[in-house]
Amino acid sequence: MEDISLHILDVAENSIAAGATVIRVSLRIDHPKDLLYLEIEDNGRGIPDRLKEKVLDPFFTTRTTRKVGMGLSLLAQSAEEAAGGLSINSKEGKGTVVSARFKYGHIDRKPVGNLADTFSVLIAGNPDVDFVFECRKNSSEFLFDTRQTRNELEGISLNAPAVIAAIRIHLKESLAEMK
Ligand SMILES: Nc1ncnc2c1ncn2[C@@H]1O[C@H](COP(=O)(O)OP(=O)(O)O)[C@@H](O)[C@H]1O
Ligand SMILES: [Mg+2]
């Protein structure tokens with residue numbers, strides 16, 4: 001995986017496969033501590049206890065489309081390469097929280113990547129799922145919640161081309177302001 005935003009796409013895909021209707025993606029940079037935190041939380045069906053210790057095994061998957069399940073073990077690997085780690089907190093029937101921590105200034109930390117594109121792709125591909133994107137960098141904060149946008153659209157689909165284009169520009173501009 002080349003950058004963190006591709007991990008986000010991949011991990012959010014697990015949430016969607018688990019039937020989540022709301023997915024929260026939070027990215028936080030704490031400069032004083034030199035840490036970057038990524039958290040992906042969903043209200044999907046959760047990971048059954050008997051599978052919990054297996055999900056970080058790259059050869060474990062409950063999918064039937066590809067033999068090797070890799071998403072979580074690859075994220076764990078990326079985090080560990082940057083002196084961080086991964087933790088998974090899941091309750092069957094309630095949902096799952098995947099948390100990754102990276103040393104921000106570590107030479108092997110993957111770049112964050114293009115968050116505006118990543119978030120837009122998630123919305124465009126899953127217009128009936130609600131997403132909350134949260135980015136925090138020291139004192140500046142950005143929040144985007146598709147539930148609010150959905151209300152404002154009064155029935156127009158979130159993946160209508162003009163809507164997606166506008167969302168992408170909004171995300172791009174807002175995230176650029178945080179730099
Ligand atoms: N958010 C989630 N909710 C429920 N189950 C999950 C979630 N994330 C991962 N899993 C379980 O862990 C397995 C491994 O996930 P992953 O490493 O991404 O590989 P893959 O998606 O290719 O199977 C999945 O097949 C699924 O059973
Ligand atoms: Mg996966």
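1. Among contacts in the protein between residues at least 6 apart in sequence, what percentage join residues at least 24 apart? In this predicted model, the share is 63%.

2. As to overall dimensions, the protein has a radius of gyration of 16 Å, which agrees with the value near 16 Å expected of a compact globule with 179 residues. Along the principal axes, its C-alpha atoms fill a box of roughly 45 × 40 × 25 Å. Of the 179 residues, 30% count as buried.

3. The secondary structure consists of six helices and six strands. Their order along the sequence is α-β-β-α-α-β-β-α-β-β-α-α.

4. Helix H4 (115-125) is followed by a loop that leads to strand E5 (130-137), and Asn 126 lies in this loop. Asn 126 is buried, because 20 other C-beta atoms lie within 10 Å, and the cut-off for a buried residue is 20 or more. Its C-alpha atom is 8.8 Å from that of Leu 158, although the two residues are 32 apart in sequence.

5. H4 also packs with helix H6 (residues 161-177), at an angle of about 150 degrees and with the axes 9 Å apart. The two helices are therefore roughly antiparallel, since angles over 145 degrees are classed in this way. Their crossing is right-handed.

6. On the H4 side, this contact is made by Leu 115, Ala 116, Phe 119, Ser 120, Ile 123 and Ala 124. H6 contributes Ile 164, Ile 167, Arg 168, Leu 171, Lys 172 and Leu 175. By character, nine of the contact residues are nonpolar, one is polar and two are charged.

Notes
Residues are numbered from 1 along each chain as its sequence is written. Chains are lettered from A and ligands numbered from 1 in the order in which they are written. This is a predicted model: local features need pLDDT of at least 70, side-chain atom pairs count only at pLDDT 80 or more; totals for chains, interfaces and linings use all residues. Helices (H or I, at least four residues) and strands (E, at least two) are DSSP runs, numbered from the N terminus. The radius of gyration is taken over C-alpha atoms; the globule rule is 2.2 Å times the number of residues to the power 0.38. A residue is buried if 20 or more other C-beta atoms lie within 10 Å of its own, exposed if 12 or fewer, and partly exposed in between; C-beta atoms are placed from the backbone. Two residues are in contact if their C-beta atoms, placed from the backbone, lie within 7 Å. Axes are lines fitted to C-alpha atoms, for helices over the stretch in contact, and angles run from 0 to 180 degrees between N-to-C directions. Angles under 35 degrees count as roughly parallel, over 145 as roughly antiparallel, 65 to 115 as roughly perpendicular and the rest as oblique. A crossing is left-handed if the near helix is turned anticlockwise from the far one by less than a right angle, and right-handed if clockwise. Ala, Val, Leu, Ile, Met, Phe, Trp, Tyr, Cys and Pro count as nonpolar, Asp, Glu, Lys and Arg as charged, and the others, Gly among them, as polar.
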